[in-house]
Amino acid sequence: MKREGVLLLFVLLLFVQGYLFRNVFPALFSSLILLYLIYLRVEFSPAIKSERQIARKLKDAERVKTKLRLKNLCNKRLALDIFELLPPGFNAETPALNLGGGEEREVEYFITPVRGIFKLRDPTIRAKDSRGLYYADFLPDSESKKEVEVYPNLDRIREESKAGETLKFTEAYKTLFGIQTLELDSLREFQSGDEQRHIDWKATTRLGELIVKEFLKETKGDVYIVLDAGKEMRKGIKSSKIDFATTLTLQLAYALRKSKLGLIVYDDYGITRIEAAKTKGSVQVERIAGSLNIGTIPTTLMGFKLSLPEKGVRLKEESRAFIGKILPVVKGRRSSATSLIEAVSSLPATAFLLFIADITANTRELINVLLDLRKRHKIILLSPNPILFYDADSPDRETLIWLYERYKEREVLIKKLNGIVPTFDLGYSDLLDTIRGGFG
Amino acid sequence: MIMIAIAVIAAAMGGLIAGLMIPLLFLPFLFIAKVKNKKDIFLLLFLVYALAIGYEFEIANIYGADLPLVLCVVMPQLLLLDSGLKDEHPIFAKPKIFFVIIISAFVFGWFVNEVFVGAVLIALAFEFSSENARRGIFAAVISLALLISALALAQGVLNLEGGAATQVVFISAFSTLTALLFFRTSIDRQEFGDWITNKSQKR
């Protein structure tokens with residue numbers, strides 16, 4: 001019910017009371033209230049002018065001050081409430097103020113944005129009369145839109161990654177490299193990424209170079225590295241993801257030399273290399289290094305860099321899956337089963353699995369495989385992030401926006417995959433030493 | 001809070017001049033509701049208060065009524081309603097001298113009703129003076145003039161012994177029809193009871 005409605009009901013009751021009690025006074029009183037309402041209604045004609053000022057470049061989740069210049073164009077005192085019409089995820093304060101007739105004032109309040117490029121409209125201003133009976137909303141016109149670019153907040157990302165990733169990394173590290181015991185295994189030279197607290201200072205003084213203690217680790221089961229060497233991994237001329245993945249595989253093989261380690265390499269045609277986890281030690285590492293000599297790249301797989309696709313031309317995952325079904329089987333394939341399924345069918349019943357794969361090429365298939373495998377295996381998925389491998393020297397604004405959109409899509413996918421198995425998005429600098437250094 | 005204080009004192013004195021006790025019972029609660037800035041509670045209390053006055057103060061025939069006495073009761077109610085609903089204007093916080101003068105006039109009005117009515121009218125004029133009202137005042141004055149003219153014209157028909165009900169129907173019908181002329185325009189109206197969800201009405 002409205003406040004004015006209460007007063008009108010009140011008028012009606014007084015009329016009824018006057019009639020029933022044969023008393024003219026309530027009728028006179030209610031007439032006076034009606035006159036009062038007529039006065040208020042006729043006098044209420046607010047007019048407001050507003051203009052917002054906000055910085056063009058903002059940071060994600062960082063409160064930003066916005067200034068709103070307001071002018072009361074009528075000669076009545078108005079109570080104003082300011083409501084922001086912001087994109088989803090944004091937060092804003094809802095300031096309120098009183099503005100005298102003809103008064104002009106600047107209001108400052110805070111908005112908390114989320115990442116992306118948005119067009120912000122001016123806020124809606126609700127002007128209320130001083131008796132709290134009537135109001136009028138002043139909606140922003142369509143020309144009032146101001147474009148803002150909200151960039152990721154590096155501090156926040158750092159904090160989040162500290163909180164979430166460290167835990168995940170530590171868990172993955174222990175799974176992969178075993179839980180470190182207090183029993184000393186050997187001494188060796190310091191390598192970047194080693195912890196400072198493991199330096200043996202006596203041996204360091206004696207030998208004149210940094211020496212670290214290596215402790216025995218408890219590991220269980222075989223470890224298999226499943227490496228994707230498909231077309232998507234080979235894209236890029238100066239630096240392809242496969243180069244990075246190969247280096248990472250070698251580093252992992254060396255780090256895991258004390259476990260029985262196997263390797264499966266597959267591409268778009270099927271399994272290309274398979275090295276069973278039979279033995280431990282450096283001999284096995286050498287074998288794996290030999291297997292990683294992937295050889296000449298088939299011409300059909302030769303990576304090339306496409307210019308940025310036009311908006312709307314880029315196929316979605318569903319569309320790609322559909323085209324994959326209707327197109328003839330890729331020339332050269334040995335069977336109708338996909339390479340990934342072939343690769344995982346070669347795995348033993350139980351093992352630690354380390355997938356190094358592109359997650360965007362055959363996402364649905366990868367998810368299905370991971371869902372099936374996680375019942376029997378412990379799995380970690382390492383995925384080189386193509387955005388971090390983008391090798392343009394000075395990307396223009398359009399390219400940056402495109403890359404950012406892809407990055408956001410990928411974030412969603414990573415989140416989804418993380419719900420299935422621990423997934424790590426890797427860039428150039430995330431080789432083993434860095435990873436170990438980060439969470440060791 | 002000066003204006004509500006003046007309105008409460010005026011309503012109490014107006015009531016006492018007419019020999020009413022009901023205002024003394026309700027006015028403290030109305031004052032507290034205003035001080036606590038609870039407009040909706042104030043409205044509800046005012047509704048009950050007005051019905052109670054209507055029950056206690058009786059006019060059997062408008063043409064035979066003591067006009068100054070009627071105005072002594074009615075006019076402070078308008079001042080009370082407006083000062084209860086209106087957000088206090090800082091201008092009234094300063095002229096304390098105005099408060100002293102107007103209260104003195106009220107006291108004097110105890111003996112001369114016309115002085116009391118005049119003092120209330122001055123207080124009303126002071127209350128509305130800050131609004132630079134033009135059209136609203138004009139509309140209200142025209143409506144009032146029409147009602148008075150209609151009552152004067154229909155005196156021959158309405159001024160009868162025991163004709164109070166007919167007079168009430170006439171006043172009601174005429175006031176309602178006049179109001180309808182101004183209620184045609186659509187205005188967004190504020191909700192009653194938003195204090196339940198919106199605790200802070202202070203700004």
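**Exercise 1.** Find the salt-bridge partner of Asp82(B) across the interface in this predicted model.

*Solution.* Asp82(B) pairs with Arg131(A), and their closest N and O atoms lie 2.7 Å apart. The rule asks for a side-chain nitrogen of Lys or Arg within 4 Å of a carboxyl oxygen of Asp or Glu, so the pair qualifies. Between chain A and chain B, the rule finds 5 salt bridges. Polar contacts are counted separately: 27 residue pairs, both residues at pLDDT 80 or more, link chain A and chain B in this way.

**Exercise 2.** State which elements of chain A supply the side that touches chain B, and describe the residues of that side.

*Solution.* Begin with the elements giving two or more residues: α1 (3–20), α2 (25–43), β4 (78–83), β6 (96–99) and β10 (134–138) of chain A. Of these, α2(A) contributes the most, 17 residues. Then sort the residues of this side by kind: 34 are nonpolar, 10 polar and 12 charged.

**Exercise 3.** Give the extent of the contact between chain A and chain B in residues and in buried area.

*Solution.* In residues, chain A provides 56 and chain B 63. In area, about 5,700 Å² is buried between the two chains, with 67% of it from carbon and sulfur atoms. On the chain A side, Arg3(A), Phe25(A) and Arg41(A) lose the most area to chain B, together 14% of what that side buries.

**Exercise 4.** Describe how β10(A) is joined to chain B.

*Solution.* The partner is strand β1 of chain B, residues 188–189. The two strands run antiparallel and are joined by 2 bridges. Within β1(B), Arg189(B) is the bridge partner of Tyr134(A).

Key: Residues are numbered from 1 along each chain as its sequence is written. Chains are lettered from A and ligands numbered from 1 in the order in which they are written. This is a predicted model: local features need pLDDT of at least 70, side-chain atom pairs count only at pLDDT 80 or more; totals for chains, interfaces and linings use all residues. Side-chain values use heavy atoms; hydrogens and water are left out. Contact means heavy atoms within 4.5 Å. Buried area is the accessible area (1.4 Å probe) that two parts lose on being put together, summed over both. A polar contact is a pair of N or O atoms within 3.5 Å; within protein, one must be able to donate a hydrogen and the other to accept it, and residues adjacent in sequence count only if both atoms are side-chain atoms. Helices (H or I, at least four residues) and strands (E, at least two) are DSSP runs, numbered from the N terminus. Ala, Val, Leu, Ile, Met, Phe, Trp, Tyr, Cys and Pro count as nonpolar, Asp, Glu, Lys and Arg as charged, and the others, Gly among them, as polar. Two strands pair if DSSP finds at least two bridges between them.
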